Every structure is written in structure tokens, then in C-alpha cells.
Amino acid sequence: MAQIVMPKPSKSGHILVNGVNYYYAVYGTGEPLLLLHGGMFHTEMFGSNLTKLARSRQVIGVDLQGHGRTPLGDREISLVDMGNDMAGVLKTLGHAKVDVLGYSMGGGVAFQLAVQHPELVRRLVLVSTPYAQDGFYPEMLPQQAAMSAAMAEQMKETPIYKSYVAIAPHPEEFPKLLDAMGTYMRKPYDWSADVKKLTMPVMLIYGDSDMFRPEHEVKFYQLLGGGLRDAGWQREHMSRNRLTILPNLTHYEMGIASQLVDTALPFLDGEGRAKS
């Protein structure tokens, strides 16, 4: 398997927001794009997709609380809080408006940023992201609820653990992170009322074999105003929002799937008549 050559950031560092010292890295040049990774990983998890995005965009990758090079600290993990924190990161970096792409847990953070600070988000792409806990297949919930420090030892041979200890500021905090993530995943949530607050064009992207029920994905699109009627001969009733189901992909492959950038970038670039 060929080694993926990652782009080198033009700028990186830490920004302290609401008690969390977030690591960020900037890649490439162009319109700014905030890129948010999935749970238990970090920005580099996007692999060659990060390289592809950086060819035409200024990609701002942020390691979420307790992930990558961002320490966990003592605050509980909350997507609502992290969404608000991202506004502080962007403002510190001098951005008044950016496009945002978030995957899985990062999609939840991106969603919360867009709900709480709509003026900062031009376009939003949510990859493999639910709007409520009941979007998961039922068998996923006990697995998520079981996450705790007790799993730390058995995870030491996994890519998750190896990528964590390679860059984490406090590798010994891995069990603490598992406890924090388990606590977060055991809390039920339903953000359906918040979906209707989104004011920017939104694209939803899922794999056809994702961890969410297809009817949940469709309902998310309908809450955004899409999929409710025929678009018309002249596209006069076309929703400005988009739903994409990518074939032959599981939840765990979405971040590195080559189709991801090919699907998201035209939308982020304003093609398809979805005016921002």
C-alpha cells in the first residue's frame, strides 16, 4: 500500500478558547474551509482528501477537545460547547466567514457552530452526521454506551490508540478520554428543532452502508426543506440543500473515500444553483 504524503501546514499552533487549548493547522491557499475530524482521531485522518482539499482551499484543520494535539483538560466533552468554541478559534485566526466540512463527531461540532454562529458559516457539509441519537441503528447504542477506561488495554493494538499516542500531549490520558467519550455518547439528544435554524446551504453526505438508518438521513434532509416535493421543470422548486448517498461505503470509510471531496467541493464552490 502506497504511503500517503500529507501536506505540510503553512501555519499551526494552539488557541485557548473557553479553557480548551485547541491545536490548529492551516494547509493550502484559497477560500477558507474549516475541516473537523471524527471521534477518536484528528485532522490527518482525512489522508489524501486533506491533500485534495488543500489544492484549491485554505484548509483550517482543528483537533477537537481531547483529540490529536489538543489536550482533554477537565471540561466534559460536549458537541454544543465545542461548536461554540470553533467560533472563538475562527475569530482568533481572523476569519469572518468560512465554509465548514465536518465528519461524524466533527459533523456534530460543525452543526452546532452553524446553529449558534450562522454568520460565520457560508456553506456547511455534514458527512455521516445524525441530528438525533435515535438516528443510529439500535445495536450501535449499547456499543457506544460501553465505551470507558476499561477498554484502554484491549485497544492498545488498534490504529486509534497508535495514532493517539503518536501525537497526544498527554498519551497517558487515553483511558480518561475513553471515559469522557463514553459519558458524551450515553447522553441522548435531539436537535431537530435546531435543524430548522440553519440559514446557509447544507449538504448531507452518507455512505449507503453507514451507521445511521436511511429513514433518519432522509428525515434530516426533509427538516432542511428538501425532498418534500418535485423540483419542477425549471428547477423552480429546487431546495438549496443537498442529500448524497455514496455507494459501497461504510461509516468508517467516509473520511478517506475519494468520492467525498469530489462530491463536497462542487457544492462548497457554489455549483448547482445553491446560492449562499
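Colleague: How do the residues of the lining of the largest cavity divide into nonpolar, polar and charged?

Modeller: This is a predicted model, and in it the lining of the largest cavity divides into 5 nonpolar residues, 5 polar residues and 1 charged residue. The volume of this cavity is about 50 Å³, and its lining includes Gly-66, His-67, Gly-68, Tyr-164 and Glu-173.

Colleague: How many cavities of 30 Å³ or more are there, and which residues line the second largest cavity?

Modeller: The count comes to 2 cavities of 30 Å³ or more. The second largest cavity holds about 30 Å³ of space, and among the residues that line it are Met-40, Phe-41, His-42, Gly-66, His-67, Gly-68 and Tyr-164. By class, its lining has 4 nonpolar and 5 polar residues, with no charged residues. If you compare the two lists, you will find Gly-66, His-67, Gly-68 and Tyr-164 in both of them.

Colleague: Then let me turn to pockets. How much space lies in the largest pocket, and which residues are the closest to its centre?

Modeller: A pocket is an open set of points, whereas a cavity is one from which the probe cannot get out. Here the largest pocket holds about 1,200 Å³ of space, and of the 40 residues that line it, Gly-39, Phe-41, Tyr-103, Ile-160 and Tyr-252 are the closest to the centre. The elements that give two or more residues to this lining are helix 3 (105–116), helix 4 (140–145), helix 5 (159–167) and helix 6 (174–185). When the lining is sorted by class, 25 of its residues are nonpolar, 13 are polar and 2 are charged.

Colleague: What lines the second largest pocket?

Modeller: The second largest pocket, with about 170 Å³ of space, has a lining that includes Glu-76, Ile-77, Tyr-184, Lys-187 and Trp-191. This lining consists of 7 nonpolar residues, 1 polar residue and 2 charged residues.

Colleague: How should I read the overall form of the chain, and what radius of gyration does it have?

Modeller: One can set the radius of gyration beside the value for a compact globule with as many residues, which would be near 19 Å for 276 residues; the chain has 18 Å, and so it agrees with that picture. Along the principal axes, the C-alpha atoms fill a box of roughly 60 × 45 × 40 Å. The chain has 9 helices and 8 strands, and 53% of its 276 residues count as buried. Of the contacts with a separation of 6 or more, 76% are between residues 24 or more positions apart.

Colleague: Which residues touch the most other members of the largest nonpolar core?

Modeller: The general idea is that nonpolar side chains in soluble globular proteins tend to be buried together. In this chain the largest nonpolar core has 64 residues, and Leu-34, Met-86 and Leu-124 touch the most other members. Leaving aside residues up to four places away in sequence, Met-86 touches Tyr-22, Leu-34, Leu-36, Val-62, Leu-64, Val-109 and Leu-113. There is also a second, separate core of 27 residues, which includes Leu-50, Ala-54, Tyr-103 and Ala-257.

Colleague: Which residues of helix 9 are buried?

Modeller: In helix 9, which covers residues 258–268, the buried residues are Leu-260, Val-261, Thr-263, Ala-264, Leu-265, Phe-267 and Leu-268. Just after this helix comes Gly-270, with a positive phi of about 90°.

Colleague: Where is Asn-18 found, and is Asn-18 buried or exposed?

Modeller: Asn-18 is found in the loop between strand 1 (11–17) and strand 2 (20–27), and although Asn-18 is not a glycine, its phi is positive, at about 50°. Burial is read from relative accessibility, where a value over 50% means exposed; Asn-18 has 51% and therefore counts as exposed. Met-40 is another residue other than glycine with a positive phi, near 75°, and its place is in the loop between strand 3 (31–36) and helix 1 (48–54). Because its relative accessibility is 8%, Met-40 counts as buried.

Colleague: And which residues does Ala-231 touch?

Modeller: Ala-231 lies in the loop between helix 8 (214–223) and strand 8 (242–250), and with 23% relative accessibility it counts as partly exposed. Not counting residues up to four places away in sequence, Ala-231 touches Glu-236, His-237 and Met-238. From C-alpha to C-alpha, Ala-231 and Glu-173 are 51 Å apart in space, and they are 58 residues apart in sequence.

Key. Residues numbered from 1 in each chain as written. Predicted model: local features only at pLDDT ≥ 70, side-chain atom pairs only at ≥ 80, totals over all residues. Heavy atoms only, no water. Core = buried A, V, L, I, M, F, W, Y, C linked by side-chain atoms within 4.5 Å. Buried < 20%, exposed > 50% of the residue type's maximum accessible area, 1.4 Å probe, protein only. Contact = heavy atoms within 4.5 Å. 1 Å grid on protein atoms, 1.4 Å probe; cavity = no way out; pocket = protein on both sides within 12 Å on 5 of 7 lines; lining within 4 Å. Points joined across faces, edges and corners; volume = space filled by probe spheres on them. Helix = DSSP H or I, 4+ residues; strand = E, 2+ residues; numbered from the N terminus. Nonpolar A, V, L, I, M, F, W, Y, C, P; charged D, E, K, R; others polar. Rg over C-alpha atoms; globule rule 2.2 N^0.38 Å.
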